[in-house]
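This report describes one protein chain, moving from its overall dimensions to a handful of individual residues. The sequence and the structure come before the discussion.

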Amino acid sequence: MTVTVEAGTPLKRLNLALAREGLSLTNMGDIMEQTVSGATSTGTHGTGRDSASIAAQIRALELVTADGSVLTCSADENPDVFAAARIGLGALGVVTAITFAVEPVFLLTAREEPMPLDRVLADFDELWSENEHFEFYWFPHTGSTNTKRNNRSAGPEQPVGRLQGWLDDEFLSNGLFQAVNWVGRAAPATVPAIARVSSRALSARTYTDTPYKVFTSPRRVRFVEMEYAVPREAVVEALRELRAMVDRSRLRISFPVEVRTAPADDITLSTASGRDSAYIAVHMFRGTPYQAYFTAAERIFTAYEGRPHWGKVHTRDAEYFSRVYPRFGEFTALRDRLDPERLFLNDYLRRVLGP
Ligand SMILES: Cc1cc2nc3c(=O)[nH]c(=O)nc-3n(C[C@H](O)[C@H](O)[C@H](O)COP(=O)(O)OP(=O)(O)OC[C@H]3O[C@@H](n4cnc5c(N)ncnc54)[C@H](O)[C@@H]3O)c2cc1C
């Protein structure tokens with residue numbers, strides 16, 4: 001039950017090819033436009049109680065290293081490279097092929113339901129423990145969230161109807177959402193009122209479908225995002241602080257905050273490395289100033305030893321990472337061994353890993 005694909009394969013092609021064979025990945029993120037190497041190298045994840053990021057589903061990996069040699073790794077072969085290269089940030093070599101664990105395709109029932117933020121925060125532990133995949137979106141300036149619970153189901157398949165799907169996923173979540181964000185960008189004072197309307201636009205729905213159709217959805221409204229993993233037991237407190245910060249401030253935020261979880265994994269620089277984690281993602285509509293919001297949010301997340309998503313906005317550096325990743329030195333030592341001349345160095349890697 002493994003599948004080997006070329007590193008540049010887009011996730012959507014992988015998902016379709018797997019479905020044709022009656023197979024599926026166990027868990028995935030919100031979209032499937034990324035390549036398998038881009039998604040895994042940055043630690044891309046969805047939400048899961050028991051199942052972790054896409055990289056955690058890798059069983060073997062092929063890497064072309066700085067000296068031009070081809071190195072294969074797995075739990076049995078070059079296990080030190082395998083531990084790090086699944087989320088390698090492009091620093092260890094060029095990933096050329098990835099072998100994923102797959103399973104027979106299954107059905108997921110999604111329950112999407114608006115819920116007051118106070119209730120989600122009070123019941124977070126139950127909502128997390130009673131569902132295989134729990135996540136929610138909180139709309140700043142409101143006490144409202146949209147929750148999503150995905151659980152395996154025996155069927156029957158009950159996809160979202162074509163018209164309902166277009167209305168919810170294209171018109172409300174993309175077309176209309178884009179329009180209200182234009183209004184909010186032009187007239188920031190309207191944002192809290194818009195947020196109240198946006199948070200009520202989607203009504204409850206339940207559907208059952210193949211995993212990739214439940215996990216992923218179209219995202220056409222452009223945004224800037226920062227996302228931090230905090231220890232799971234700290235997420236409710238961190239969210240209360242985030243809410244208090246927004247309420248105290250003059251910020252106007254038209255995009256929801258997304259909250260997800262992941263179990264601890266064994267990948268050296270995974271945001272969930274050795275730590276049960278919850279992800280808090282803040283977004284701003286593209287073209288709206290985001291620095292003040294992200295700076296204030298980042299101050300909250302870093303107080304909990306938060307670990308930023310490697311592929312999203314953050315301001316952390318190697319000194320910080322050496323404190324929040326117990327195995328940071330293991331990664332940099334491997335980098336010294338595999339790329340002593342720093343063939344793969346760029347400005348981002350210089351900041352997050354050091355020269
Ligand atoms: C609309 C949207 C939704 C998103 N949703 C989620 C989500 O739900 N969860 C989540 O965690 N993230 C999410 N992301 C972030 C996204 O998954 C990452 O930014 C991902 O890295 C993008 O993949 P890509 O193929 O475009 O990457 P690229 O930009 O091509 O690559 C990203 C990095 O990966 C490394 N890399 C890529 N290919 C190789 C290779 N062959 N060998 C070695 N290193 C390589 C390099 O360091 C490169 O800079 C989202 C992003 C967007 C825009």
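## Local sites and overall form

Ala234 has a relative accessible area of 9%, and because buried means under 20%, this residue counts as buried. The model in which this value was computed is a predicted one. Ala234 sits in the loop that runs between strand S11 (223–231) and helix H9 (235–248). Its C-alpha atom is separated by 9.8 Å from that of Phe301, although the two residues are 67 residues apart along the chain.

The chain as a whole gives the setting for such sites. Its secondary structure comprises 13 helices and 14 strands. The radius of gyration is 20 Å, close to the 20 Å that the globule rule gives for 355 residues, so the chain is as compact as a globular protein of that length. Measured out along the principal axes, the C-alpha trace spans about 55 × 45 × 35 Å. Of the 355 residues, 56% are buried, while the area that the chain exposes amounts to about 15400 Å², with 53% of it supplied by carbon and sulfur atoms. When contacts between residues at least 6 apart in sequence are considered, 75% of them join residues at least 24 apart. The chain carries 40 positive and 44 negative charges, and the mean positions of these two sets are 7 Å apart.

Several pairs of residues can be set out by their C-alpha distance and their separation along the chain.

| Residue pair | Separation in sequence | C-alpha distance |
|---|---|---|
| Ala234 and Phe301 | 67 residues | 9.8 Å |
| Gly161 and Tyr207 | 46 residues | 9.1 Å |
| Leu167 and Pro192 | 25 residues | 23 Å |

Two of the residues in the table belong to the region around helix H6. Gly161 is placed in the loop between S9 and H6, and with a relative accessible area of 39% this glycine is partly exposed. Leu167 lies within helix H6 itself and is likewise partly exposed, its relative accessible area being 36%. The loop between S9 and helix H6 (162–186) also holds Pro156, which is joined to Gly155 by a cis peptide bond with omega of about 0°.

Backbone geometry also singles out two residues that are not glycine. Most residues other than glycine have a negative phi, and most peptide bonds are trans. Leu89, however, has a positive phi of about 55°, and His141 has a positive phi near 75°. Leu89 is found in the loop between helix H3 (79–85) and strand S5 (94–101), where its relative accessible area of 13% makes it buried.

What surrounds His141, once its neighbours within four places in sequence are left aside? The residues in contact with His141 on that basis are Val191, Pro192, Arg196, Val246, Leu251, Arg252 and Ile253. With Ile253 there is in addition a polar contact, in which the backbone nitrogen of Ile253 lies 2.9 Å from a polar atom of the His141 side chain. His141 itself is located in the loop between strand S8 (133–138) and strand S9 (144–153), and its relative accessibility of 17% places it among the buried residues, because the cut-off for that class is under 20%. Pro192, one of the residues in contact with His141, is also the partner of Leu167 in the table, at a C-alpha separation of 23 Å.

Leu89 appears again in the surroundings of Ser41. Leaving aside neighbours within four places in sequence, Ser41 is in contact with Arg86, Ile87, Gly88, Leu89 and Val95. Ser41 is placed in helix H2, which covers residues 36–41, and is buried at a relative accessible area of 13%. Its side chain reaches the backbone oxygen of Ser37 at a distance of 2.7 Å.

Key:
Residues numbered from 1 in each chain as written. Predicted model: local features only at pLDDT ≥ 70, side-chain atom pairs only at ≥ 80, totals over all residues. Heavy atoms only, no water. Helix = DSSP H or I, 4+ residues; strand = E, 2+ residues; numbered from the N terminus. Rg over C-alpha atoms; globule rule 2.2 N^0.38 Å. Buried < 20%, exposed > 50% of the residue type's maximum accessible area, 1.4 Å probe, protein only. Contact = heavy atoms within 4.5 Å. Areas by Shrake-Rupley, 256 points an atom, 1.4 Å probe, with all protein chains shown as cover. Lys, Arg positive; Asp, Glu negative; His and termini not counted. Charge placed at Lys NZ, Arg CZ, Asp CG, Glu CD. Polar contact = N/O pair within 3.5 Å; in protein donor to acceptor, adjacent residues only side chain to side chain.
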